[in-house]
Amino acid sequence: MTRAPQDDVVRKLHELAHNLWWTWQPDIRALFRELEPELWRTGHHNPVAILSRLEPEDIERRVHDLEMLTRVNQAHRRLGDYLAGDAWGLIHAGPLRARPVAYFSAEFGIHQSLPIYSGGLGVLAGDHLKSMSDLGIGVVGVGILYHEGYVHQHLDAAGWQQDSYEPIAAHEMPLEAVADAAGAPVRVTVRLPGRDVALRVWRVWVGRSQLLLLDARDDANAPADQELTARLYGGDQETRIQQEMLLGVGGYRAVRAVGHTPSVLHLNEGHSAFALLERAREIVELQGLSAADALREVAAASVFTTHTPVEAGHDRFLSELAGRHLEGLARGLGLDLDALLALGRERPADPASPFCPTVLALNLSRKANGVSAIHGRVARRMWRHLWPERSEEEVPIGHITNGIHVKTWLAADMQQLYEHYLSPAWADSLTRPDLWREIEKVPDAELWEVHQVLKARLFAFVERRRAERWERLGLPAGRPLDQDALTLGFARRFATYKRADILFRDLERLARLVGDPERPVQIIFAGKAHPADGAGKELAQRVSQLGQDPRFAGRIVFVENYTMHVGRQLVQGVDAWLNTPRRPQEACGTSGQKVILNGGLNVSILDGWWAEAFEGGNGFAIGRGEVHADPAAQDAHDAEALMRVLEQEVVPLYYARDEEGIPRGWIARVKRGIQTLAWRYNADRMVKDYVGQAYLPAAGGSTCRM
């Protein structure tokens, strides 16, 4: 029977909403925003939630009233063309289409409407899937559907972070329950001490990429086990190792249960390292190989990316706890439990040595890498004791520097600018340096005007957020932001080593800087502390309280409840981005890469990506990369270097205007930043590096490094 046109429109909108390709398509986001503006604003910009709360008749009426029909049809046709089209991967990564990469991560930051991420690790994983999709490379992401997501942050009247959780309604998410050939829901089980835990498997489409999410909310499980997939990074050590068993063992079983035979396992950090043991167990069962041979097979086809240059960031489980959870895998491998545990010990011969999943991943991967050049060096130094016979430079840990998914983070106004002056198909050539040299064609005045529009949009967003907090707490309205003032942004996880308070060492000097009547400066902060991180919460409170000090009112602003949406607003609208980690503790730090594409500049410690990106004229460096043995001395040195670069370089350049009011020197530096950095620090380049350096060699099964 022929479907009525109205029904067809509703179907097309549902199909658009259920593929997260829309998250990097501004025209499709605009469709859903216009369909129901208030629900869009209050519902985390979630089109599935909008469609689920409207009757089909209401949707049809609104499409008609808003004259959207042609736009809906065009958007749906574009999605179909995208999914069916050829891409870079067809020529350069054909084997990965037949047998995809299985990409494991404890978190995926794809969009704020799917809150299964906490910060940079998850955002990087989301950007990775998106670029794999754009390039047409076969991949299956594997993660957990945290049904309470990650912590929501609200500051009380004293500026203290209050933590809350918001349950995820599965029917309002772009999820489909994976079914088998008979239509029954796919479930996998994982053996934990004394019981089996059943996992439902959900699928999310991210363009051409698919993401499988595991969910322990199953009637077969005890209530306590259903809570294992409730919260990201919650619970004690036993909860953590059980979540990692579900992710690694359950995740690999889910990939196989939906019909995929992956050519490569890529572990995004050590949380999913148990997938390597499950794959080896399967090889023993299906191919009859010995445990040693099966582990070699796994290692030859596995890739491990470490993101953590801080010792405390790597899980370490007591040997007894790890043994209780791994004894079933040991039996399946035909391997003595102590021999299996030794694969994850930093001191293999010491039975009391804790079990570290990072060590397991390093021992069972053909390719291991950090996420910037400096992080690669730090990782080699951190783990050199695992290869005592090798020098530090011979430790088999390289680096592939992270990049961002450009269209996710790029303002639509900047995209239009690039289309006009670079090429209508500029997004297909992101990794070509010659493309970005065309930025010189953009008139300074036009680039400055676009930036001012984005800045005004940011300020409107911040003022709305501030007004909501003042109303909630019954506080008087504060001083508004100044459109003409140099505006710095600082947004990231509030961990102490990231030093959000480094500007606050000399408050009188800071007051003079921000309060200069001729050349004012204002700073917008955002970021959450982990619920258990008291020191991080104290940092957030200090920033918030300083904004109430009369010397800093309207000049220092804290935006609550940092999400991808908040981060997107900041990176698109600030003049310059502050990055102040204690070197060398920043693995990469991709937020500054997002600022570059949107016409902003970086003011950063020479750590992570900026250590290999700064060339003198494409941003600003804080210090010269010095590292002091005494952290307090280093903090004092870096604080002085930051104030000096702000006072002597950043502020004067920003306020040096010509007769038209345009800061020509500043714009020249912005263009140099785009020209020298955009081609390199994008996720397309990153994914191509993984394909050439890691995926294809691993898919070919050539001899690994063990």
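These legends go with a set of close-up views of one predicted protein model.

Residues are numbered from 1 along each chain as its sequence is written. Since the model is predicted, local features need pLDDT of at least 70 and side-chain atom pairs count only at pLDDT 80 or more, while totals for chains, interfaces and linings use all residues; side-chain values use heavy atoms, with hydrogens and water left out.

**Figure 1. The whole protein, with its 29 helices and 18 strands.** Helices (H or I, at least four residues) and strands (E, at least two) are DSSP runs, numbered from the N terminus. The C-alpha atoms fit a box of roughly 80 × 75 × 55 Å along the principal axes. The radius of gyration is 25 Å, which agrees with the value near 27 Å for a compact globule of 706 residues; it is taken over C-alpha atoms, and the globule rule is 2.2 Å times the number of residues to the power 0.38. Of the 706 residues, 60% are buried, where buried means under 20% relative accessible area, exposed over 50%, and partly exposed in between (1.4 Å probe, protein chains only). Contact means heavy atoms within 4.5 Å; among contacts between residues at least 6 apart in sequence, 74% join residues at least 24 apart.

**Figure 2. Surface and charge.** The accessible surface comes to about 26,300 Å², and carbon and sulfur atoms account for 50% of that. Areas come from the Shrake-Rupley method with a 1.4 Å probe, and for residues only the protein chains shown count as cover. The mean positions of the 81 positive and 92 negative charges are 3 Å apart. Here Lys and Arg count as positive and Asp and Glu as negative, with His and the chain ends not counted; a charge is placed at NZ of Lys, CZ of Arg, CG of Asp or CD of Glu.

**Figure 3. Phe 620 and Trp 666, a tilted ring pair.** Rings of Phe, Tyr and Trp (its six-membered ring) pair if their centres lie within 6.5 Å; planes under 30 degrees apart count as stacked, over 60 as edge-to-face and the rest as tilted. By this rule there are 19 aromatic pairs. In the pair shown, the ring centres of Phe 620 and Trp 666 are 6.0 Å apart and the planes sit at 35°, so the pair is tilted. Phe 620 belongs to strand β18 (residues 620-622) and Trp 666 to helix α28 (residues 664-677), so the pair ties together parts 46 residues apart in sequence. Both Phe 620 and Trp 666 are buried. Step back a little and ring pairs link Trp 448, Phe 620, Tyr 654, Tyr 655 and Trp 666 into a cluster.

**Figure 4. Val 142 on strand β2 (residues 139-144).** With a relative accessible area of 0%, Val 142 is buried. Not counting residues up to four places away in sequence, Val 142 touches Tyr 103, Phe 104, Ser 105, Phe 108, Leu 211, Leu 212, Leu 247, Gly 251 and Val 255. Asp 225 is 83 residues from Val 142 in sequence and 20 Å away in space, C-alpha to C-alpha.

**Figure 5. Two buried polar side chains, Gln 243 and Asn 402.** Gln 243 is part of helix α11 (residues 237-257) and has a relative accessible area of 7%. Leaving out residues up to four places away in sequence, Gln 243 touches Ile 144, Tyr 146, Leu 228, Arg 231 and Tyr 233. Asn 402 sits in the loop between β12 (398-399) and α18 (406-409), at 4% relative accessible area. Beyond its neighbours within four places in sequence, Asn 402 has contacts that include Leu 124, His 307, Val 371, Cys 588 and Tyr 681.

**Figure 6. Helix α22 (residues 507-514) and its cover.** The buried residues of α22 are Arg 509, Leu 510, Ala 511, Leu 513 and Val 514. What covers them includes β14 (521-526), β15 (556-559) and α27 (631-655).

**Figure 7. Backbone oddities in three loops.** Most residues other than glycine have a negative phi, and most peptide bonds are trans. The bond from Arg 583 to Pro 584, though, is cis, with omega near 5°, and Pro 584 lies in the loop between β16 (576-579) and α25 (591-597). Glu 67 has a positive phi of about 55° without being a glycine; its place is the loop between α5 (56-65) and α6 (69-84), and at 69% relative accessibility Glu 67 counts as exposed. Arg 499 also has a positive phi of about 55°, in the loop between β13 (486-491) and α22, but at 3% relative accessibility Arg 499 counts as buried.
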